[in-house]
Amino acid sequence: MTIKKIFFYLFVLSFPLFAQYQDLRFNHITTENGLSKSSVTCILQDRQGFIWVGTFNGLNRYDGYDFAVYQYVQDDQRSLSHNYISSILEDYKGRLWVGTSDGLNCYDRLSDSFKRYRYDKNKSGSISDNQIEVIFQDRSKQLWVGTRNKGLNLFNPQTETFIHYYSQKNNPNSLSSNFIQTMFQDSRGNLWIGHRNGAVDLFDKKSKKFIRLSLNGKQLSYFAIRSIVESQDGSVWLGTQGS
């Protein structure tokens, strides 16, 4: 086969790919279309096909045509606990969990309302902090909630209470900090916890201890760990806010 023929075949094979890229179009959805706020913090598509959009000013459910907006309503305990939405997750049962700057919420589809989970100093099993940063479900179907000020919470669905994990100054097997930024589980089952201060921990489920990752005796980064992902070769990538 000649060089000209090889080039021709490669060109023909690659042409549909180039055509695909050229056909890409984006639709801009803003407050003019019914979105409660143009500052978007998180997006999730649930198993029913709805797109849920968390913003600085409420939660939005999009059906492809219109928005239903959910916001905090004073004196209504079944409304969202706060309008700043930090995290959204749909669990294995199809329940929608919504983290805010003032409490965790679980959406009840039948009543179209929310159940609130907030810190209560008089209840030892309440969530440890109201400022929710991340909601995560591991492969064992356990629900984890990371907070801004008081560490990590493991939800017990039977009792609807939380087990608390904190950073303890003189305990090297505790969390590196109490400001949890992100969580991830790799293909080996390791649970990764990224912190605002750049620290990274692995959680050992058997011993219930945290392994603080370090490089030459120092933590991996001093910038917030914003994202963790695993590539096909098994490498784990960490994205930071700076550096």
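The following is a friendly exchange about strands, a tryptophan and two pockets in a predicted model.

Trainee: Let's begin with Trp-97. Is Trp-97 buried or exposed?

Mentor: Trp-97 sits in strand 6, which covers residues 96–100. A residue counts as buried when its relative accessible area is under 20%. The value for Trp-97 is 0%, so Trp-97 is buried.

Trainee: Which residues does Trp-97 touch, leaving aside those up to four places away in sequence?

Mentor: A contact here means heavy atoms within 4.5 Å. Among the residues that Trp-97 touches are Ser-87, Ile-88, Leu-89 and Asp-91. The rest of the list is Leu-104, Asn-105, Cys-106, Tyr-117, Ile-135, Leu-143 and Phe-155.

Trainee: Which residue stands opposite Trp-97 in strand 7?

Mentor: Strand 6 and strand 7 make a hairpin with two residues between them. The two strands run antiparallel and are joined by five bridges. Across from Trp-97, the residue in strand 7 is Cys-106.

Trainee: How many of the six residues of strand 7 are buried?

Mentor: Strand 7 takes in residues 103–108 and is mostly covered. For burial, the cut-off is under 20% relative accessible area. In strand 7, the number of buried residues is five.

Trainee: Moving on along the chain, what is the bridge partner of Cys-106 in strand 8?

Mentor: Strand 7 is joined to strand 8 by five bridges, and the two run antiparallel. Their hairpin has four residues between the strands, and Asp-112 there has a positive phi near 55°. In strand 8, Cys-106 is partnered by Lys-115.

Trainee: How far apart in space are Trp-97 and Arg-116, C-alpha to C-alpha?

Mentor: In sequence, Trp-97 and Arg-116 are 19 residues apart. In space, their C-alpha to C-alpha distance is 10.0 Å.

Trainee: Now for the open sheet of four strands. Which strands stand at its edges?

Mentor: The order in this sheet is 9-10-11-12, with antiparallel pairing. An edge strand has a single partner strand, so one side of it is left without a neighbour in the sheet. The strands in that position are strand 9 (132–137) and strand 12 (161–165).

Trainee: And what is the bridge partner of Gln-137 in strand 10?

Mentor: Strand 9 and strand 10 (residues 143–147) run antiparallel, joined by five bridges. In strand 10, the partner of Gln-137 is Leu-143. Trp-97 also touches a residue we have just met, Leu-143.

Trainee: Let's turn to the pockets. Which strands each supply at least two residues of the lining of the largest pocket?

Mentor: The largest pocket has a volume of about 430 Å³. Of its 19 lining residues, the closest to the centre are Ser-86, Glu-133, Val-134, Gln-181 and Arg-226. By class, the lining holds seven nonpolar, eight polar and four charged residues. The strands that each supply at least two residues are strand 5 (85–90), strand 9 and strand 13 (180–185).

Trainee: Which strand gives the most to the lining of the second largest pocket?

Mentor: The second largest pocket holds about 260 Å³ of space. Two or more lining residues come from each of strand 8 (113–117) and strand 12. With three residues, the strand that gives the most is strand 8.

Trainee: How many residues in the lining of the second largest pocket are charged?

Mentor: This pocket is lined by 13 residues, and nearest its centre lie Arg-116, Tyr-117, Arg-118, Lys-123 and Ser-126. Asp, Glu, Lys and Arg count as charged. Alongside four nonpolar and three polar residues in the lining, the number of charged ones is six.

How values were computed: Residues are numbered from 1 along each chain as its sequence is written. This is a predicted model: local features need pLDDT of at least 70, side-chain atom pairs count only at pLDDT 80 or more; totals for chains, interfaces and linings use all residues. Side-chain values use heavy atoms; hydrogens and water are left out. Two strands pair if DSSP finds at least two bridges between them. On a 1 Å grid over the protein atoms alone, a cavity is a set of points where a 1.4 Å probe fits but cannot get out, and a pocket is an open set with protein on both sides within 12 Å along at least five of seven lines; lining residues have an atom within 4 Å of a point. Grid points are joined across faces, edges and corners, and a volume is the space filled by probe spheres set on the points. Buried means under 20% relative accessible area, exposed over 50%, partly exposed in between (1.4 Å probe, protein chains only).
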